[in-house]
Amino acid sequence: MRYRTRVTAPAALLGTVAALSVASPAHADPETGTPGPETLGDPVFPGLGNDGYRVLAYHLDLAYDATTRLVDATATLTLTPTQELSRLSLDALGLDVHEVLLDGVPAAREQAGEKLRITPAVPLAAHTTATVTVTYTADPRAALAHTAWVPTPDGFAICPQPNTAHTVFPCNDHPSDKADFTIRITVPAGLKGVASGHLVSTEDLGDGRTAYCYRSREPIATEIVQITVGDYVIKDRQGPHGLPLRDVVPTARATALEPALALTPNLVSWIEQRLGAFPFETYGLLPCNNDASNAFDFTGLETQTLTLYKPNFLLQAEKSIGSHMMHELVHSYFGNSVSPATWSDLWLNEGHADFYGLLYRYERGWADSLGLTTMEARMKDTYARGDQWRRSSGPVAAPNEANLFDSQRYLGGVLVLYALRQQVGESVFSAIESTFLERFRNASASTGDYIAVASEVSGTDQSGFLRDWLYGTKTPRMPGHPDWTVTPAGSALRQPQNRTDGHWHDNSATL
């Protein structure tokens, strides 16, 4: 059984939700039904996602034309209405929609901003199963307000996080509505199509084209789906306990990138000792064939089972990349297996990824960007910045769209986890982590869920302690370190040197 965490709009967002939704009576009219709300009330992206239904599965069929560089596609969504629906909406931007079918019958459609509104001939009944099929064409090089497409000389990759999967396929683009994925990619001779999940079939179409079909064993949030086309070589190796490892590498750079790719088995072994068995059917790296500074605004992205990287980053020595490779690997547990219920819960992803990435770094004696070599030293430095970051970036668990990927969600999140470990002890902290991962595996979880697990496992109510750390405007005292002090907001502090290229997304302390 799959458990899903529902997102409820906080009171402050009710006006936004009302503006984005279609006015309707409290109960569905038996003849007209009720239009589904065009939002899930996310506190960071209030217009993202749609309510009134839940998606069970996506079947994406994409065909890449190397001459036009366009993608002709069909997206088939299997969904369950949670209410009687006279109309439903999908997130969609920049897609040239040709036809929409609802249970095989043509349905009226309307593009309104980033919503594709679909009106069935007869209202959809609640708690049934419906199929929506959208046929469309996409241009990976189109100029859009925001896009997931990463064009390459020989094809494309995608980086959908946090809110751009719907520039690639129409969807309910919110991590609280995870679904199963089957992805079929048709490519011309000389190219390969690869996607999240495992390869289930390869079909020679007899006209110089090949179709590759991938299926996910576990559900995927739309923001971490990967689909890529290019001149790739697939490098297979074995990880711990027989885990299949698959790297998708630009053919011309395969030899140069091999030293970095060969690090993965030991990385997986290290994290499995701390967080348990790897949660997916495979893992690997995708150093996509684009190092341009404007290709995507970060070094790596944890697209499920196939982490996206810029190739040049992986050409560095192990001590320069190993910690961040661990960061991205940890996202398979925190962020992918357990997804954020809302985008304000991002610290659960990034704080955990940096926490274990830094532990891995310091165990190996590699100095960080400040020249520090222990977790305690880095946390003391981060603690001193606490009030400054709370003033400039808000509390750890209260971001907005502009500061979503600030250091507060990364190192600030690490500081919260460090404080909790100081509070409850290492063995209890480890039990909290494993319980949280097991309870919310293949689902979404909120900050409140993590606090509840911490209280349950520790046997002590941790809500006041953790809420002060996560939502307070002042940095609490650090357990076990009464001598640590916070530098007053506004004072000058030496800044971490992560962001050397101006990318707003690269605030990880593991870089």
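Student: What volume does the second largest cavity have?

Tutor: Start with the general idea: rolling a probe the size of a water molecule over the atoms shows where empty space is left. This is a predicted model, and in it the second largest cavity has a volume of about 50 Å³. The count of cavities of 30 Å³ or more comes to four.

Student: Which residues line the second largest cavity?

Tutor: Its lining is made of T382, R385, G386, W389, R390, V396, Q408, G412, L415, V416 and W469. Two elements, α7 (386–393) and α8 (407–424), each give two or more residues to that lining.

Student: Which element gives the largest share of this lining?

Tutor: Helix α8 does, with four residues. By residue class, the lining of this cavity divides into five nonpolar, four polar and two charged.

Student: Now the largest pocket. How much space lies in it?

Tutor: The largest pocket holds about 450 Å³. Its lining counts 23 residues, and those closest to the pocket centre are H146, T147, C159, T164 and D297. The lining divides into twelve nonpolar residues, eight polar and three charged.

Student: Let us turn to sheets. In what order do the strands β19, β20 and β21 lie?

Tutor: When you read a sheet, take the strand order and then look for the edges. Here three strands form an open sheet in the order β19-β21-β20, with mixed pairing. Strands β19 (285–287) and β20 (300–301) are the edges; each has a single partner strand, so one side of each has no neighbour in the sheet.

Student: How many bridges join β20 to β21, and do the two run parallel or antiparallel?

Tutor: Two bridges join them, and the strands run antiparallel; β21 covers residues 307–309. To find the register on screen, look for G300, which stands opposite Y309 in β21.

Student: What is the order of the open sheet of four strands?

Tutor: The order is β1-β4-β8-β7, and the pairing is mixed. At the edges stand β1 (34–35) and β7 (108–112), each of which pairs on one side only. Two bridges join β1 to β4 (residues 85–91), and these two strands run parallel. For the register here, P35 stands opposite R87 in β4.

Student: Next, backbone geometry. Which peptide bond is cis, and where does its proline lie?

Tutor: The background is that most residues other than glycine have a negative phi, and most peptide bonds are trans. In this model the bond from Q161 to P162 is cis, with omega near 0°. P162 lies in the loop between β11 (155–158) and β12 (180–188).

Student: What phi does T305 have?

Tutor: T305 is not a glycine, yet its phi is positive, about 70°. T305 sits in the loop between β20 and β21, the two strands that are joined by two bridges.

Student: Is T305 buried or exposed?

Tutor: The cut-off for buried is under 20% relative accessible area. T305 has 3%, so it is buried.

Student: And where is N442 placed?

Tutor: N442 is in the loop between α9 (426–439) and β23 (443–445). It too is not a glycine, and it has a positive phi of about 65°. At 18% relative accessibility, N442 is classed as buried.

Student: How should I read a single arginine, for example R54? Where does it lie?

Tutor: Ask for its element, its accessibility and its partners. R54 lies in strand β2 (residues 53–64). Its relative accessibility is 8%, so R54 counts as buried. The side chains of R54 and D51 are joined by a polar contact of 3.3 Å.

Student: Where does R217 lie?

Tutor: R217 is in the loop between β15 (209–215) and β16 (227–230). With 47% relative accessibility, R217 counts as partly exposed.

Student: With which residues is R217 in contact, leaving aside its neighbours within four places in sequence?

Tutor: The contacts of R217 beyond those neighbours are H198, P279, F280, E281 and R441. For F280, the backbone oxygen lies 3.4 Å from a polar atom of the R217 side chain.

Student: What separates the C-alpha atoms of R217 and D180?

Tutor: They are 7.6 Å apart in space, although R217 and D180 are 37 residues apart along the chain.

Technical notes. Residues are numbered from 1 along each chain as its sequence is written. This is a predicted model: local features need pLDDT of at least 70, side-chain atom pairs count only at pLDDT 80 or more; totals for chains, interfaces and linings use all residues. Side-chain values use heavy atoms; hydrogens and water are left out. On a 1 Å grid over the protein atoms alone, a cavity is a set of points where a 1.4 Å probe fits but cannot get out, and a pocket is an open set with protein on both sides within 12 Å along at least five of seven lines; lining residues have an atom within 4 Å of a point. Grid points are joined across faces, edges and corners, and a volume is the space filled by probe spheres set on the points. Ala, Val, Leu, Ile, Met, Phe, Trp, Tyr, Cys and Pro count as nonpolar, Asp, Glu, Lys and Arg as charged, and the others, Gly among them, as polar. Two strands pair if DSSP finds at least two bridges between them. Buried means under 20% relative accessible area, exposed over 50%, partly exposed in between (1.4 Å probe, protein chains only). Contact means heavy atoms within 4.5 Å. A polar contact is a pair of N or O atoms within 3.5 Å; within protein, one must be able to donate a hydrogen and the other to accept it, and residues adjacent in sequence count only if both atoms are side-chain atoms.
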